[in-house]
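Good morning, everyone, and thank you for making time for this. Please bring up the model on your screens, and I will walk you through a few places in it one by one.

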Amino acid sequence: MSGVILITGATSGIGRAAARRFAGAGWKVIATGRRQERLDALVAELGADRVHAAPFDMRDEAAIDAALDALPEGFRDIDVLINNAGLALGTATAQEADLAQWRQMIDTNITGLVTLTHRLLPRLIARKGAILNISSVAATYPYKGGNAYGGTKAFVRQFSLGLRSDLHGTGVRVTSIEPGIAETEFTLVRTGGDQAASDTLYGGAAPMTGEDIAETLFWVATLPPHLNINALELMPVSQSFAGFQVARA
Ligand SMILES: NC(=O)c1ccc[n+]([C@@H]2O[C@H](COP(=O)([O-])OP(=O)(O)OC[C@H]3O[C@@H](n4cnc5c(N)ncnc54)[C@H](OP(=O)(O)O)[C@@H]3O)[C@@H](O)[C@H]2O)c1
């Protein structure tokens with residue numbers, strides 16, 4: 001099985017690994033992200049017949065529309081949408097957090113995601129396609145400093161389940177993918193470029209990789225069309241749950 005897939009945030013990490021996985025299996029991939037040079041490199045690597053670069057910022061509605069209008073022949077009938085672009089910014093507690101960072105996470109992880117999804121629903125319904133939304137374990141398990149990021153990912157999970165309900169009878173499949181720690185540029189972005197912090201977090205932890213998640217996305221997308229994975233939570237073995245905290249006077 002193959003078709004046309006649009007993957008947001010394909011310039012790095014999970015999205016780039018997914019672009020390689022699907023293109024390698026014969027899919028036509030629309031790769032998005034802000035960093036044009038990285039998208040161009042993906043086209044050079046995988047071939048212009050396999051990958052179309054569509055650079056846009058998820059927060060720019062007009063740019064999304066322009067990119068969709070400009071899709072070339074062969075890339076217009078989108079079968080699968082992977083809503084992957086997203087970010088965490090900062091690890092401060094709510095009372096210390098930067099409101100501008102909260103807004104950027106909400107604008108990207110929520111508003112951008114619902115805008116693109118809304119635009120593509122008619123095509124996805126016409127194709128009996130699939131939507132794979134990248135949420136996070138942060139949607140379910142709160143942790144200190146996760147505040148707005150966890151909130152955006154809880155939205156993504158619940159929006160996915162709501163879409164499932166609304167799309168009842170259309171044949172469109174919807175899945176919320178909820179990963180734990182995967183080594184990508186995620187922590188570099190979250191910390192404002194602190195490579196040491198990123199190395200410390202992932203060092204010795206045998207975290208998941210972008211390729212691990214890409215393989216999962218590929219499996220979900222290529223299941224028989226009568227099967228829907230509603231939500232899928234995955235972690236490296238090295239990660240598990242911690243308890244509650246109690247403040248004492
Ligand atoms: N890594 C983890 O541990 C982990 C765990 C659970 C969930 N996730 C989720 O997985 C998804 C992918 O993250 P990743 O780990 O692969 O991190 P990453 O390596 O930093 O990749 C993030 C991608 O999102 C894109 N992006 C961010 N802001 C954007 C914007 N305003 N407009 C367009 N594209 C934007 C980036 O592209 P440009 O910078 O080129 O725009 C990049 O391609 C995110 O939604 C993240 O929340 C990650």
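Which polar backbone atom is 2.8 Å from an oxygen atom of the ligand? The answer is one that belongs to Asn84, and before I go on I should say that what you are looking at is a predicted model.

Let us stay with the ligand for a moment. Taken alone, the ligand exposes 880 Å², and the protein buries 97% of that area. Side chains take part in the contacts too: Arg35 places a polar side-chain atom 2.9 Å from an oxygen atom of the ligand, while in Asp57 a polar side-chain atom lies 2.9 Å from a nitrogen atom of the ligand. There are 30 residues around the ligand, and the ones that come nearest are Thr11, Ser12, Arg34, Tyr149 and Thr184. If you colour the helices, you can see that H1, covering residues 13-24, H5, and H6, covering residues 186-190, each supply at least two residues of this shell.

Now to the annotation. The UniProt record, which is an unreviewed entry, places a feature called "domain: Ketoreductase" at residues 3-184. Over that stretch the chain is 45% helix and 18% strand, and its end C-alpha atoms are 27 Å apart.

Next, the aromatic rings. The model has 5 aromatic pairs, and one of them joins Tyr141 and Phe241 in a tilted arrangement, with 4.9 Å from centre to centre and 40° between the planes. This pair links distant parts of the chain, since Tyr141 sits in the loop between strand S5 and helix H5, whereas Phe241 belongs to the segment after strand S9, 100 residues apart. Is each of these two rings buried or exposed? Tyr141 counts as partly exposed because its relative accessible area is 31%, and Phe241 counts as exposed because its value is 54%.

Elsewhere, ring pairs join Phe22, Trp27 and Phe218 into a cluster. Look also at Arg21, which lies over the face of Phe218, at 3.8 Å from the ring centre.

I will finish with helix H7, residues 195-202. At its start, a side-chain oxygen of Asp194 reaches to within 3.2 Å of the backbone nitrogen of Ala196, and after the helix comes Gly204, whose phi is positive, near 70°.

Definitions and conventions:
Residues numbered from 1 in each chain as written. Predicted model: local features only at pLDDT ≥ 70, side-chain atom pairs only at ≥ 80, totals over all residues. Heavy atoms only, no water. Phe/Tyr/Trp six-rings, centres within 6.5 Å; stacked < 30°, edge-to-face > 60°. Helix = DSSP H or I, 4+ residues; strand = E, 2+ residues; numbered from the N terminus. Buried < 20%, exposed > 50% of the residue type's maximum accessible area, 1.4 Å probe, protein only. Lys NZ or Arg CZ within 6 Å of the ring centre and 35° of its normal. UniProt positions renumbered as here; feature names shortened; annotations may be inferred. Near = heavy atom within 4 Å. Polar contact = N/O pair within 3.5 Å; in protein donor to acceptor, adjacent residues only side chain to side chain. Areas by Shrake-Rupley, 256 points an atom, 1.4 Å probe, with all protein chains shown as cover.
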